[in-house]
Amino acid sequence: MKVGVVTFPGTLDDRDAARAATYAGTTAISLWHNDADLKGVDAVILPGGFSYGDYLRCGAISRFAPVMEKIIDAANGGMPLLGICNGFQVLCEAHLLPGALTRNHELHFLCRDQKLEITNNQTTWTSSYKVGQEIVIPLKNGEGSFQCDDATLAALEGEGRIIARYVGENPNGSRNKIAGITNERGNVVGLMPHPEHAIDPLTGPTADGLGFFTSVLIAMVK
Amino acid sequence: MAKIVVDVMLKPEILDPQGVAVSAALPRLGFTFAKSVRQGKRFEIEIDGDPTPAQLAEVEKAAEKLLANPVIETFTVRVEK
């Protein structure tokens, strides 16, 4: 099974995302932002970083990259798509997920290990977890505060589309401590913290993040 | 040559931490006039000649699609000579 990892100018975490996909038993394929070609991949990861220098708004320029047109079409057709950090911002800008990520409420860039609670394990990317399971993975961003209007928040809550919440103090002012959400179909997931940095205790705080990458493999094999 | 100005502001209900920080800095410098501060973005777009209604409609479309994110922001388009 082939998982594409997109590199935009300014992407940072593409190599770790590819490594995580490889650890999980899938084959990582590099995708370039300027190619309108998905190279036959079965799923795509939009990794973290500062694509296009975060100019205009985080993810606002990347969202119109040639590769994104293909990805948006494929995701609307059911292809699994995970956006991590900057990738989550791109998914919101592309309207594949509702809401927007705004400046952390205390303006600080945060970089630390963060405890999360998995709140939905019915998505393509979270089936390896149990609902209520607590995981620790790195959080590192300046604009991670999830915002949306009241109607959208009620819909996300009512439909169980919040896949992870921050445990303990709200680090960035996200509404309802939202760390990640999914679309109605469950194939598109956006997550602010970084599971790809926590796949092996040798190089990360835990191996808790690996489940995102094994989940998609399980989903594709089924 | 005319200048089209697009002002983009966060919606009132969206927290603006930058505006809050500026608002907190003002009284430290002795400026006590501000009840609150909101920070936004301004785009200046130069075009040849006076803008036609069709061009302004295009700018509106571009503002909605790219310059602003309607989920969290509002925008205004005006012409400055």
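Modeller: Two strands pair if DSSP finds at least two bridges between them. Helices (H or I, at least four residues) and strands (E, at least two) are DSSP runs, numbered from the N terminus. The model is predicted: local features need pLDDT of at least 70 and side-chain atom pairs count only at pLDDT 80 or more, while totals for chains, interfaces and linings use all residues. Residues are numbered from 1 along each chain as its sequence is written, and chains are lettered from A and ligands numbered from 1 in the order in which they are written.

Biologist: What makes β1 and β2 of chain B a pair?

Modeller: Eight bridges join β1(B), residues 2-10, to β2(B), and the two run antiparallel. The criterion is at least two bridges, so the strands pair. Within β2(B), Ile45(B) is the bridge partner of Ile4(B).

Biologist: Which strands of the β2-β1-β3 sheet in chain B are called edge strands, and why?

Modeller: The three strands form an open, antiparallel sheet in that order. β2 (40-47) and β3 (73-80) of chain B each pair on one side only, and they are the edge strands. Neighbouring strands are turned by 20 degrees against each other on average, direction ignored. Helix α2 of chain B, residues 53-67, packs on this sheet and touches β1, β2 and β3 of chain B; its direction makes about 150 degrees with that of β3(B). Axes here are lines fitted to C-alpha atoms, for helices over the stretch in contact, with angles from 0 to 180 degrees between N-to-C directions.

Biologist: Why is chain A called as compact as a globular protein of its length?

Modeller: Its radius of gyration is 15 Å, and the globule rule gives 17 Å for 222 residues; the values are close, so the description applies. The radius is taken over C-alpha atoms, and the rule is 2.2 Å times the number of residues to the power 0.38. Chain A has five helices and eleven strands, and its C-alpha trace spans about 40 × 35 × 35 Å along the principal axes.

Biologist: Why does Ala94(A) count as buried?

Modeller: Ala94(A) has 22 C-beta neighbours inside 10 Å, so it is buried. The term needs 20 or more other C-beta atoms within 10 Å (12 or fewer is exposed, in between is partly exposed), with C-beta atoms placed from the backbone. Ala94(A) lies in the loop between α3 (86-93) and β5 (100-102) of chain A. Beyond its neighbours within four places in sequence, Ala94(A) is in contact with Arg63(A), Met68(A) and Ile72(A); contact means C-beta atoms, placed from the backbone, within 7 Å. Over chain A, 56% of the 222 residues are buried.

Biologist: What makes the crossover from β3 to β4 in chain A right-handed?

Modeller: The chain goes from β3(A) through helix α2(A), residues 66-76, to β4(A), and this β-α-β crossover is right-handed. The term requires that, with the strands pointing away from the viewer, the path from the first strand over the helix to the second runs clockwise. β3(A) and β4(A), residues 81-84, pair in the parallel sense over three bridges. Ile45(A) has Leu82(A) as its bridge partner in β4(A) and stands opposite Val5(A) of chain A.

Biologist: How many residues on the side of chain B that touches chain A are nonpolar?

Modeller: The contact takes nine residues from chain B and 13 residues from chain A. On the chain B side, seven are nonpolar, two polar and none charged. Nonpolar covers Ala, Val, Leu, Ile, Met, Phe, Trp, Tyr, Cys and Pro; charged covers Asp, Glu, Lys and Arg; the others, Gly among them, are polar.

Technical notes. Contact = placed C-beta atoms within 7 Å.
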